[in-house]
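Dear colleague,

I am handing over the structure below, and after it I set out what was found when it was examined. Please read the notes with the coordinates open beside them.

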Amino acid sequence: MSRRAKPLLQNDSVAKSRQARPRDPAQPNLPFDPMPARIEPCLALRKSVPPKGSDWAFEVKWDGYRLAIHIEPNGVRILTRGGHDWTHRFPAIDEAARKLGIGTAILDGEAVVLDEEGRSDFGALQRSLGGRGGKRSSTESVFFAFDLLYFDGHNLTRTELSVRRHLLEDFLDGATGAIQLSEEVYGDGAALLANACSLGLEGIIAKHRDRPYRSGRAGDWLKIKCVQSESFMIVGYEQSTSTRSGLGSLLLAGRKRHNWVYVGSVGTGFNAKDAEYLRSTLDKLRTRQPAVPLKGKNIVFAQPTLIAEIEFRGWTHDGNLRHASYKGLREVQDNAAVFDMSEEPDD
């Protein structure tokens, strides 16, 4: 039985999204556009507070893998953010896409695994796929669609978000299977964020309703988090004689232009099995040329290859993570962006 996502709001102060304008009846008569092989995703810009105004719509910030579902006459392709074909990794989503009854479409969204409370759980998603580098197929994943980039022979990236959402809702509203509609609401962003945080969600995404779909971080989409969670490069580990795995903590770095910047270590959030895997993998990546200038007799430096998702509570005055906790490794195919230190960290 498919779980339903925890709703963003549970009161009447904020309503579901509504169509801003009627659909253009002439649209089906427009010339057909060739279906793109891939569309570079629109990415959310990090902000500390939600935007104000009726031009903004809000959604849950999902904690999973960004995917694009290409529904074509000859089948379905499920592509990662980096453009890798992962159709075989998500068989339930593949099957659900085939049953939508759509000729051609590109759905933009996020694959997640929901916990008992209906919240996305990144660790559970990773386990369902067999961990980093695993070959397992995830049968319990749910794809939450939040945008429609191509439909019925028409490229929709030049149209406003409100129009794209209207078309998406036409065939996904009420869906409860492996493909569901990501709930959109409108109202006061600060109240929405507070409610999301009280429900234990990661945060919210704000999207400008009148903007086209622009690849990259153009500022049309914003992410506001309850608890900060970002991707950092693992550049080594501290050895420990008190743990069975021999791993005490992971050494982390962010990116600043073409350089790595040390942001501290993390020693919580991984179990014994995780620690064993991390130590053995990092030992294979040992190097005598550290990516960051650190000294210590118990430090093992590794080539900057593994990207970890880290939850933290802020920054210290000297630029280290506060109360960091390990959430899992990012896949190379996910094309996760390492935290950019040139963007000023929130205090």
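I begin with isoleucine 179, which, once its neighbours within four places in sequence are left aside, is in contact with Ile69, Ile93, Ala96, Ala97, Leu100, Phe143 and Leu172. Please bear in mind throughout that this is a predicted model. Ile179 belongs to the largest nonpolar core, which holds 31 residues, and it is listed there with Ile69, Phe90, Ile93, Phe143 and Leu148 as the residues that touch the most other members. The elements giving two or more residues to this core are strands E4 (65–72), E5 (75–80), E6, E7 and E9, together with helices H1 (91–98), H2 (122–128) and H3 (161–172). Another core, of 29 residues, lies apart from it and includes Ile106, Val112, Phe146 and Trp221.

Strand E7, which covers residues 142–151, is mostly covered, in that ten of its ten residues are buried. On pairing, E7 runs antiparallel to strand E6 (residues 105–112), to which eight bridges join it, and within that pairing tyrosine 150 of E7 is the bridge partner of isoleucine 106. With strand E9 (residues 179–181), by contrast, E7 pairs in the parallel sense over three bridges, and here phenylalanine 144 has glutamine 180 of E9 as its bridge partner. There is also an antiparallel pairing of E7 with strand E8 (residues 154–155), over two bridges, in which phenylalanine 151 stands opposite histidine 154. E7 and E8 form a hairpin with two residues between them, and aspartate 152 in the turn has a positive phi of about 55°.

Helix H3 is largely enclosed by the rest of the structure, because ten of its twelve residues are buried. Those buried residues are Leu161, Ser162, Val163, Arg164, Arg165, His166, Leu167, Leu168, Glu169 and Leu172, and they pack against strand E3 (56–60), E6, E7, E9, strand E10 (184–186) and strand E11 (203–208). As a check on the geometry, the twelve residues of H3 should span 16 Å at 1.5 Å a residue, and its end C-alpha atoms are indeed 16 Å apart, which agrees. The helix is followed by glycine 174, whose phi is positive, near 90°.

The structure holds one disulfide, which joins cysteine 197 to cysteine 226 with an S to S distance of 2.1 Å. The link is left-handed, with -95° about the S-S bond. The pair links distant parts of the chain, 29 residues apart, since cysteine 197 sits in helix H4 (residues 189–198) and cysteine 226 in the loop between strand E12 (221–225) and strand E13 (228–239). Cysteine 197 counts as partly exposed at 33% relative accessibility, and cysteine 226 is likewise partly exposed, with a relative accessible area of 25%. Cysteine 42, on the other hand, is buried, with a relative accessible area of 2%.

One last site is glycine 319, in the loop between strand E17 (307–312) and strand E18 (325–330). At 24% relative accessibility this glycine counts as partly exposed, because the range for that class begins where the under 20% range for buried ends. Apart from its neighbours within four places in sequence, glycine 319 is in contact with Tyr262 and Val263; from valine 263 it is 56 residues away in sequence, yet 6.1 Å away in space, C-alpha to C-alpha.

With best regards

How values were computed: Residues numbered from 1 in each chain as written. Predicted model: local features only at pLDDT ≥ 70, side-chain atom pairs only at ≥ 80, totals over all residues. Heavy atoms only, no water. Helix = DSSP H or I, 4+ residues; strand = E, 2+ residues; numbered from the N terminus. Buried < 20%, exposed > 50% of the residue type's maximum accessible area, 1.4 Å probe, protein only. Contact = heavy atoms within 4.5 Å. Pairing = 2+ DSSP bridges. Core = buried A, V, L, I, M, F, W, Y, C linked by side-chain atoms within 4.5 Å. Disulfide = S-S within 2.5 Å. Expected span 1.5 Å × (residues − 1).
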